[in-house]
Amino acid sequence: MNNTALRKWLASFLLILFFAELGGMFLPHLVHELLGMLFLTLAIWHNVLNRRFYQSICRGAYSFHRVGNSLDIILLVMFFVLIAISGMVLSHDLFPQFYIAGDVNWRSLHLGGAIGTLILLCSHLLFQGKRYIRGRGYTVAMGLGFVLAAAGIFGLPYLDRWYNPVHVNKAILAQGEKVQIPGKIITVYFSRVGNTDFPTDVDAVSGASVMKDGQELIGNAEMIAYMVKDAAGGDLFAIRTEKTYPTDYGETTQEGQREIESGIAPALREPLPQLEDYDVIFLVYPLWWNTLPMSIEGLLNQYDLAGKTIIPIVTHGGSGIGDSLDAIRRATKAEVKNEYLDIYSSDIPSSRQAIADYLKKFK
C-alpha cells in the first residue's frame, strides 16, 4: 500500500473511531479509555504521515481556501490535545495518577472538546472533499457536514444528561481525603430521592437527578452530601417535605416553578434539626429555575442563624450557582460564604476529591 492510500485508509478509520468514541458515554469506562488511546496514537501517526503540511506552512501563497484549511487543521490539533489531556485527568482506569486538583471542570472541557472536534472534523472533510467531490455532490456533503455539526452541538449534551445511566458504589465513592474544619458541623441536603415515590424500575440518569447503587436509589444532592460528610465529618440531615413530588422530572420542575412563583414553601416533616447548635452548615441542593428550591428557603426561615456559617454546594445541569446564593442570604442572617462549589450533574460520581479540595478553604 502506497503512502497516499495509507493516509486515506487511516483517515477513514480515525473518523469511524471518533464517532465510536462519541458514544463513549454508553460504553464501560475502560473501553472508552482504550479506544481513546488508540485514537490518540493513530491521530499522531496521521499527522506524521501528513507532515508535509507543517513543513510547508510558511511557504507559498495563501488563497482563501488554503487559509481556511490551515486554520482548521491547527485548531483540530489543538482540540485533539484538549481531549487527550482532559481525558487523562478524568481517567478511571488507565491514568488515575493524572488527577489535577482545582476548580477546572475537566468533564465539561472534555465534552466541549469533543463537540469542537466534531465541528472541525466536518469542516476538515469539506475542505479535503473538494479535491474529490464536484458540483451538486459537494453541496450535499456540505449540508451533511452542517447537520453533523449541529447534532454535536445540541445532541451530545442532551444524550449525556438523559441517556447516560449512572450506576455507582456509594460506599466507595463517598470515601476520600478528610478535612478538619473548626466548629460543630452539619450537612443539610434536599434531594428528589426521599421526596418522590419512585417506581423500583426507574431509570437512573444524571439529568433526572438520580443514580443507583444496586437496587438503592440515590439522589444527586444526596450523593454529594454523603461525600461532604465523609470529608468533613459532623451530622447529616435530609430535608423531607410533607407533599410528594411527581415521579416525572418535567412535572417536578413545573411544581418547583409554581412554588417559587408563589413564594410559598412546602411544609416540612418533623422533627427538624436544631441548627442553632451548629457552627458550620453545609447546604447541598439542586438548582431549580436558576435559584434555591423553596424547601430550602422554608427550612432556613424557621431559624435565627445569626453568627453561624453556611457553605453552599449546588448541583446543576449547566447553570452553575444561578441566583441561589442571593436567595440564601435573603432567607437567613447567617454568614453565607462567597466561595461556593457548583457540580455539574454528570460530574458527581467523580467529584469526591474536588469536594475535599473545596473544603480546605475553610480549615
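Helix axes are lines fitted to C-alpha atoms over the stretch in contact, and the angle between two of them runs from 0 to 180 degrees between N-to-C directions. The exercises below apply this to a predicted model.

**Exercise 1.** Determine how helix α1 is oriented relative to helix α2, and describe which residues make the contact.

*Solution.* Step one is the geometry: α1, which covers residues 3–22, packs against α2, residues 29–49, at an angle of about 150°, and their axes lie 10 Å apart. Step two is the classification, for which the cut-off is that angles over 145 degrees count as roughly antiparallel; α1 is therefore roughly antiparallel to α2. Step three is the handedness, and here α1 passes α2 in a left-handed crossing. Step four turns to the residues: α1 contributes N3, L6, R7, L10, A11, F13, L14, L17, F18 and E21, while α2 contributes H32, L35, G36, L38, F39, L42, A43, W45, H46 and L49. Sorted by class, this contact of α1 with α2 comprises 14 nonpolar, 4 polar and 2 charged residues.

**Exercise 2.** Carry out the corresponding analysis for helices α8 and α12, and state which class of orientation applies to them.

*Solution.* Begin again with the geometry: α8 (residues 220–232) and α12 (residues 352–359) pack at an angle of about 50°, with 10 Å between their axes. Because angles under 35 degrees count as roughly parallel and those from 65 to 115 as roughly perpendicular, the pair falls into neither class, and α8 is oblique to α12. The crossing of α8 over α12 is right-handed. On the α8 side the contact is formed by I224, M227, V228, D230, A231 and A232, and on the α12 side by R352, I355 and L359. These residues divide into 7 nonpolar and 2 charged, with no polar residue in the contact of α8 with α12.

**Exercise 3.** Locate W289 and N290, and decide for each whether the residue is buried, partly exposed or exposed.

*Solution.* First consider the backbone: W289 has a phi near 50°, a positive value in a residue other than glycine, and N290, which is not a glycine either, has a positive phi of about 65°. Next comes the location, since W289 is found in the loop between β5 (280–286) and α10 (294–300), and N290 is likewise found in the loop between β5 and α10. Finally, apply the cut-offs, by which buried means under 20% relative accessible area and exposed means over 50%. W289 is partly exposed, because its relative accessible area is 47%; N290 is also partly exposed, because its value is 33%.

**Exercise 4.** Establish whether T196 is buried or exposed, and identify its contacts beyond its sequence neighbours.

*Solution.* T196 sits in the loop between β1 (185–189) and β2 (210–213). Its relative accessibility is 9%, so T196 counts as buried. Once neighbours within four places in sequence are left aside, T196 is in contact with T244, Y245, P246 and T247. A further distance concerns K243, which is 47 residues from T196 in sequence but 8.8 Å away in space, C-alpha to C-alpha.

**Exercise 5.** Place these details within the protein chain as a whole, beginning with its secondary structure.

*Solution.* The protein chain has 12 helices and 8 strands, and 45% of its 363 residues count as buried. Among its contacts with a separation of 6 or more, 79% are between residues 24 or more positions apart. Its accessible surface comes to about 18500 Å², with 60% belonging to carbon and sulfur atoms.

Notes: Residues are numbered from 1 along each chain as its sequence is written. This is a predicted model: local features need pLDDT of at least 70, side-chain atom pairs count only at pLDDT 80 or more; totals for chains, interfaces and linings use all residues. Side-chain values use heavy atoms; hydrogens and water are left out. Helices (H or I, at least four residues) and strands (E, at least two) are DSSP runs, numbered from the N terminus. Buried means under 20% relative accessible area, exposed over 50%, partly exposed in between (1.4 Å probe, protein chains only). Contact means heavy atoms within 4.5 Å. Accessible areas come from the Shrake-Rupley method with a 1.4 Å probe; for residues, only the protein chains shown count as cover. A crossing is left-handed if the near helix is turned anticlockwise from the far one by less than a right angle, and right-handed if clockwise. Ala, Val, Leu, Ile, Met, Phe, Trp, Tyr, Cys and Pro count as nonpolar, Asp, Glu, Lys and Arg as charged, and the others, Gly among them, as polar.
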